[in-house]
Amino acid sequence: MLAIQAGDADALSQLYDRYNGIVKALILRIIHDETSADDLLQEVFMEIWNQAKNFSAEKGKPLGWMVTLTRRRSIDALRKRQAYARAEERLQAEPEQQPLAWVQNVTEQDIHASDTRVLIAKVINSLPPAQQQVIDLAFFQGMSQREIASHTNIPLGTVKTRLELGLKKIYDGLKELKDEL
Amino acid sequence: MNFEEFQNSARLYVIGALEPEELQDFESARKQYGTAAEDFINQCYGLHEAFALSLKPAKASSAIKDKLMAMVRERQNQSGDAK
C-alpha cells in the first residue's frame with residue numbers, strides 16, 4: 001500500500017493480482033450480476049488507486065480497508081441502479097443456497113486451496129440460521145435493522161438481538177482462530 | 001451504556017446496522033470510553049475482512065486488469081504532463 005500511495009502502478013498491479021478474486025466475490029455476493037461485477041471491480045481498484053492516500057496502516061490492514069470500500073461501493077451501485085428488487089427476487093429464487101451457505105459448492109480441492117476461507121466460513125456457518133440470515137441481510141445487502149424487520153416479518157427487537165448475538169459469536173470465533181491462522 | 005453494551009453496538013456500527021436513534025448513544029459512549037472504544041471499533045472492522053474471506057474467490061476477466069492499468073497509466077501521464 002505504501003508503494004501505491006507513492007504512485008507505483010506496478011504495486012497496484014500486484015495488489016490486483018492478489019485480491020481481485022476476493023473483491024469480485026464480494027461484489028458478486030452483493031449485486032448478483034456478473035457483467036456489472038466486472039465493471040464495478042475495475043471501478044473499485046481505480047478508487048483504491050485514487051484513495052490510497054486515505055489508507056492508514058495504524059487503523060487496520062489493507063484488505064479490511066479494501067473490503068469496506070468495496071462493500072460501500074457495491075451497495076451504492078445496487079441501490080443506484082434500482083436493482084434491489086431484482087436482486088431480492090434472485091435471492092428468493094435461490095432458497096437452497098441463500099442466505100445460509102456463504103461458502104457455496106466447496107470441493108476438496110477448494111478446501112486445500114484455501115484453509116483460511118474454510119476456517120472462517122466454519123465460524124460463520126456455525127451460527128444458527130436465523131442469526132446468519134440477519135447478518136447476511138445487514139452486511140451483504142446493506143439493510144438497516146428496520147429494513148430487515150420489514151423484509152423478514154421479524155420483530156425489530158428480535159432482529160437486533162439476533163444481529164448482536166451472531167456478530168459476537170463471529171467476533172469471538174475469529175479471535176480464537178487468530179492463533180490457528 | 002456499559003462497555004459490554006458498547007461492544008455490542010460497535011459490532012453493529014461497523015456493518016452500518018445501527019439505527020439513527022442508536023447512533024447518538026453510541027457516539028456518546030465512544031467519547032466516554034476513549035482509546036479503548038477506538039481500539040475496539042478498529043478490531044471490529046476485522047469482521048469485514050472475515051466476511052469477504054469467507055467467500056469463494058471469483059474469477060475476473062483478464063481484460064478488466066488491462067483496462068484498469070491502462071487507465072492508471074493514462075492518468076499518470078496526464079499528471080506528468082501537467083507538471
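Start where the two chains meet: select the contact, to which chain A brings 49 residues and chain B brings 35 residues. Keep in mind that this is a predicted model.

Stay on chain A's side of that contact. Colour α2 (9–31), α3 (34–51), α4 (62–80), α7 (115–125), α8 (129–141), α9 (145–152) and α10 (156–180) of chain A. Each of these helices puts at least two residues into the side of chain A that touches chain B. Which helix gives the most to this side? Pick α2(A), with twelve residues. Now colour the side of chain A that touches chain B by residue type. You should find 25 nonpolar, 13 polar and eleven charged residues.

**Into the core**

Next, select the largest nonpolar core, which has 60 residues. Show A:Leu26, A:Ile27 and A:Ala138 as sticks; these have the most contacts inside the core. Which helix gives the most to this core? Go back to α2(A), which supplies twelve residues here. Then colour chain A by domain. Domain 1 (1–93) and domain 2 (96–181) of chain A each give this core at least three residues.

Zoom in on A:Leu26. What does A:Leu26 touch, leaving aside residues up to four places away in sequence? On chain A, look for A:Val67, A:Thr70, A:Arg71 and A:Ser74. Then cross to chain B, where A:Leu26 touches B:Ala52 and B:Leu55.

**Chain A as a whole**

Zoom out and show chain A as a cartoon. Count ten helices and zero strands. Followed along the sequence, chain A reads α-α-α-α-α-α-α-α-α-α. Colour its residues by burial: of the 181 residues in chain A, 35% are buried. Now think about contacts in chain A between residues at least 6 apart in sequence. Of these, 60% link residues at least 24 apart.

**Three loops of chain A**

Begin with the loop between α1 (2–5) and α2 of chain A, and select A:Asp8 there. Is A:Asp8 buried, exposed or partly exposed? A:Asp8 has 14 other C-beta atoms within 10 Å, so it is partly exposed. Add A:Trp49 to the selection. A:Asp8 and A:Trp49 are 41 residues apart along the chain, and their C-alpha atoms are separated by 9.5 Å.

Before the next two stops, recall a rule. Most residues other than glycine have a negative phi.

Move to the loop between α2 and α3 of chain A and click on A:His32. A:His32 is not a glycine, yet its phi is positive, about 55°. Is A:His32 buried or exposed? A:His32 has 20 C-beta neighbours inside 10 Å, so it counts as buried.

Now jump to the loop between α9 and α10 of chain A, and select A:Asn153. Its phi is also positive, near 60°, and A:Asn153 is a residue other than glycine. Is A:Asn153 buried or exposed? With 6 other C-beta atoms within 10 Å, A:Asn153 is exposed.

**Finish on chain B**

Hide chain A and show chain B. Look for four helices and zero strands. Along the sequence, the pattern of chain B is α-α-α-α. Why is chain B described as more spread out than a compact globule? Because its radius of gyration is 20 Å, well over the 12 Å that the globule rule gives for 83 residues.

Turn chain B along its principal axes. Its C-alpha atoms fill a box of roughly 55 × 40 × 25 Å. For a last step, colour chain B by burial: 30% of its 83 residues count as buried.

How values were computed
Residues are numbered from 1 along each chain as its sequence is written. Chains are lettered from A and ligands numbered from 1 in the order in which they are written. This is a predicted model: local features need pLDDT of at least 70, side-chain atom pairs count only at pLDDT 80 or more; totals for chains, interfaces and linings use all residues. Two residues are in contact if their C-beta atoms, placed from the backbone, lie within 7 Å. Ala, Val, Leu, Ile, Met, Phe, Trp, Tyr, Cys and Pro count as nonpolar, Asp, Glu, Lys and Arg as charged, and the others, Gly among them, as polar. A nonpolar core is a set of buried Ala, Val, Leu, Ile, Met, Phe, Trp, Tyr and Cys residues joined through C-beta atoms within 7 Å. A residue is buried if 20 or more other C-beta atoms lie within 10 Å of its own, exposed if 12 or fewer, and partly exposed in between; C-beta atoms are placed from the backbone. Domain bounds come from an automatic or database domain assignment. The radius of gyration is taken over C-alpha atoms; the globule rule is 2.2 Å times the number of residues to the power 0.38.
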